[in-house]
Amino acid sequence: MNQHFTATAETADQPGATPQDVVRLVDLKRRFGGTAALDGISLTVRKGEILGIIGRSGAGKSTLIRCLNGLERPDSGEVFIEGREISRLGELDLQPLRRRIGMIFQHFNLLSAKTVEDNVALPLKIEGRPKAERLQRAAELLDLVGLSEKAKAYPVSLSGGQKQRVGIARALAARPALLLSDEATSALDPETTRSILALLKDINRQLGLTILLITHEMEVIRSIADRVAVIDAGRIVEEGPVWSVFAEPRSEITRSLLGAIRPQLPAELAARLLPSAGTETVLRVDVAGEAASGPLLSDLATAIPRPFRLVHGGIDHIQQQPVGTLFVSVPGSDASHLAAVITFLKARHARVEVLGHVANPV
Amino acid sequence: MSPILFELLLRSIWETVLMTAASGLISLVFGLPLGLALIATERGGIAESPWVNRALGAVINGFRSVPFIILLVALIPVTRLIVGTSIGTWAAIVPLSIAATPYYARIAEVSLREVDRGLIEAARAMGGNRWTIIREVLVPEALPGIVAGFTVTLVTLIGASAMAGAIGAGGLGDLAIRYGYQRFETSVMIAVVIVLIILVCGIQWAGDRLVARLDRRG
């Protein structure tokens, strides 16, 4: 009881924190030998949201997610799960808590000696539920993940995507308050990844389940996360709603992780860019929200009636928000004309970057 | 072969089967928990305890380094304490079991170590305790290896039981030495070898079939 009281008081002290926070991390630190896997991580996960944590391998993601269910212990800092501090709990106290937290894994971790339904029912067996109830719940969950006909099969006969569906069903068996996803789609092909992510999103919507996922793929964040935290060398370098981080990445690491899925200047054009002196100037124009939904380019043409070329780019929709990147080439070496174009675009809330000049435009 | 020799052969088969089965069963009952203890107490195990691990390892290595024929004689006081006599088939079961238990513990340890650590982590993440991990993960996942290792142990025991004649335990090995070798009864020698081959092949075949049925790893 005392534990509970202190935890609540702690929550009230923290500005912006509410009882709605399923997870709250405060200044989490963990070292392995000479390297800091976690170097002061503070983070909250709100009820019902999907928070994505992205970083390169070795950034500390796995250590972080394992601190949330006590598989890993931080050296210092606090881990609150539904308001209760758990980082100093003993193994015996952690066991009932872990039943409130489902977890899915990159390599699925299904038991090869058990049938699909027995795998799904295992968390309930651990809870000591009667067999009839376990099997009924397993049947419900296999129906939810679309694998009812595989109930009596063994995991070896399943494809990767089916194995992860079983993993998800198993993680949901004990009706958890939080689902942890540890690179759940990293071992799957792109098509299967999409279907697994769609399933997770469905579960999030239908059951209101809070999901925290770690990944190294921006595509995963883009498809299902509401908020994203970028982690590098054990620190959170950037955090916010997915569309705004995509529209305006502030850190180098975020930009590099985004590189794979945001439009890039075609390589052969990038190779011909000169720092100065050319007949055309290539601009990168990033727009998001209203600026991306309005008739930006035609307005530009009306306001400054001189030719420009759209070289490359596109508009993506992230969380129903348009996020665009356009590569525009402005002919001529007239500096005041270029300045006028940039001023116009900036007035429309676009971010403009001069990438360089091209001598002989194609 | 005379009817008397034939009867002797049948009795010897029974003695060998009895020695192998009894000491095999005992080595399974004690060796498997010992193998689990080795895995659980090792670094990163579910009940990490380096000192216990080292102590267990030392005792096991100690027993395994003594040649069986010496163990057979050295354990005579222990045998007398347990079965009341140091001579005969039952007396041989004590040193056979004591030799086979650490042997099987090591074989079980190897199979148990091959269980994917991710599975143990998954069971822990579900809120499972050590006992759950042993019962639901370690033993079922390692079962094919545990059974295959038991087959190997039984075959080794058949071989070791041949030496048990040194303390009057009888058995096929004893028969082959006393009649086949010392009394030049070649037919006895041939019969013993054929029976041993059939026994070993039978055990191996049954073990392999059981492993194939248990193995769901594809």
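**Entry 1: the antiparallel sheet of chain A**

I began with strand β11 (residues 280–288) of chain A and strand β13 (residues 321–331) of chain A, which pair in the antiparallel sense over nine bridges. I note at the outset that I am reading a predicted model. To fix the register of this pair I looked for facing residues, and found A:Ala288 standing opposite A:Val323 in β13(A).

I then followed β13(A) to β12(A), and this pair too is antiparallel, with nine bridges. Here A:Gly313 is the residue that stands opposite A:Leu326 in β13(A). The two strands form a hairpin with two residues between them, and in that hairpin A:Gln319 takes a positive phi near 50°.

Stepping back to the whole sheet, I recorded four strands in the order β12-β13-β11-β14 (chain A), forming an open sheet with antiparallel pairing. Its edges are β12 (309–318) and β14 (351–358) of chain A, each of which pairs on one side only. From one strand to the next, the twist averages 15°.

Which helix lies across β11, β13 and β14 of chain A? I found that helix α14 (residues 335–347) of chain A does, and that its direction is at about 155° to β14(A).

**Entry 2: the mixed sheet of chain A**

I next traced an open sheet of six strands in chain A, whose order is β6-β7-β8-β3-β9-β10 and whose pairing is mixed. The edge positions belong to β6 (101–105) and β10 (235–241) of chain A, each pairing on one side only. In this sheet the twist averages 15° from one strand to the next.

Within the six strands I looked up one parallel pair: strand β3 (residues 50–54) of chain A runs with strand β8 (residues 210–215) of chain A over five bridges. The facing residues I noted for this pair are A:Gly52 and, in β8(A), A:Leu213. Helix α6 (residues 160–172) of chain A packs on the sheet, where it touches β6 and β7 (178–182) of chain A, and its direction makes about 165° with that of β6(A).

**Entry 3: chain B as a whole**

Turning to chain B, I counted nine helices and zero strands, so I kept to helix packing for the rest of this chain. The C-alpha trace of chain B spans about 70 × 40 × 25 Å along its principal axes.

I also checked the record: UniProt, in an unreviewed entry, places the feature "domain: ABC transmembrane type-1" at residues 13–205 of chain B. Over those residues of chain B I find 81% helix and 0% strand, with the end C-alpha atoms 19 Å apart.

**Entry 4: helix α7 of chain B and its partners**

Two packed helices are described by the angle between their axes and the distance between the axes, and I looked up both for the partners of α7(B).

Helix α5 (residues 89–113) of chain B packs with α7(B) at an angle of about 145°, the axes being 9 Å apart. The crossing of this pair, α5(B) and α7(B), is right-handed. On the α5(B) side the contact includes B:Ala92, B:Leu96, B:Tyr103 and B:Tyr104, and on the α7(B) side the residues include B:Leu138, B:Gly145, B:Gly149 and B:Phe150. Sorted by class, the residues of the contact of α5(B) with α7(B) are 16 nonpolar, six polar and no charged.

How do the axes of helix α6 (residues 117–125) of chain B and helix α7 (residues 130–161) of chain B cross? They come within 10 Å and cross at roughly 155°; α6(B) and α7(B) are therefore roughly antiparallel to each other. I noted that α6(B) passes α7(B) in a right-handed crossing. The contact is made by B:Leu119, B:Ile120 and B:Ala123 of α6(B), together with B:Thr132, B:Ile133, B:Glu136, B:Val137 and B:Glu141 of α7(B). By class, the contact of α6(B) with α7(B) has five nonpolar, one polar and two charged residues.

**Entry 5: where chain B meets chain A**

Last, I looked up the interface, in which 19 residues of chain B are in contact with 18 residues of chain A. On the side of chain B that touches chain A, the elements giving two or more residues are α6 and α7 of chain B, the pair whose right-handed crossing I had already recorded. By class, that side of chain B has seven nonpolar, six polar and six charged residues.

How values were computed. Residues are numbered from 1 along each chain as its sequence is written. Chains are lettered from A and ligands numbered from 1 in the order in which they are written. This is a predicted model: local features need pLDDT of at least 70, side-chain atom pairs count only at pLDDT 80 or more; totals for chains, interfaces and linings use all residues. Axes are lines fitted to C-alpha atoms, for helices over the stretch in contact, and angles run from 0 to 180 degrees between N-to-C directions. Angles under 35 degrees count as roughly parallel, over 145 as roughly antiparallel, 65 to 115 as roughly perpendicular and the rest as oblique. A crossing is left-handed if the near helix is turned anticlockwise from the far one by less than a right angle, and right-handed if clockwise. Two residues are in contact if their C-beta atoms, placed from the backbone, lie within 7 Å. Ala, Val, Leu, Ile, Met, Phe, Trp, Tyr, Cys and Pro count as nonpolar, Asp, Glu, Lys and Arg as charged, and the others, Gly among them, as polar. UniProt positions are given in the numbering used here, feature names are shortened, and annotations may be inferred rather than shown by experiment. Two strands pair if DSSP finds at least two bridges between them.
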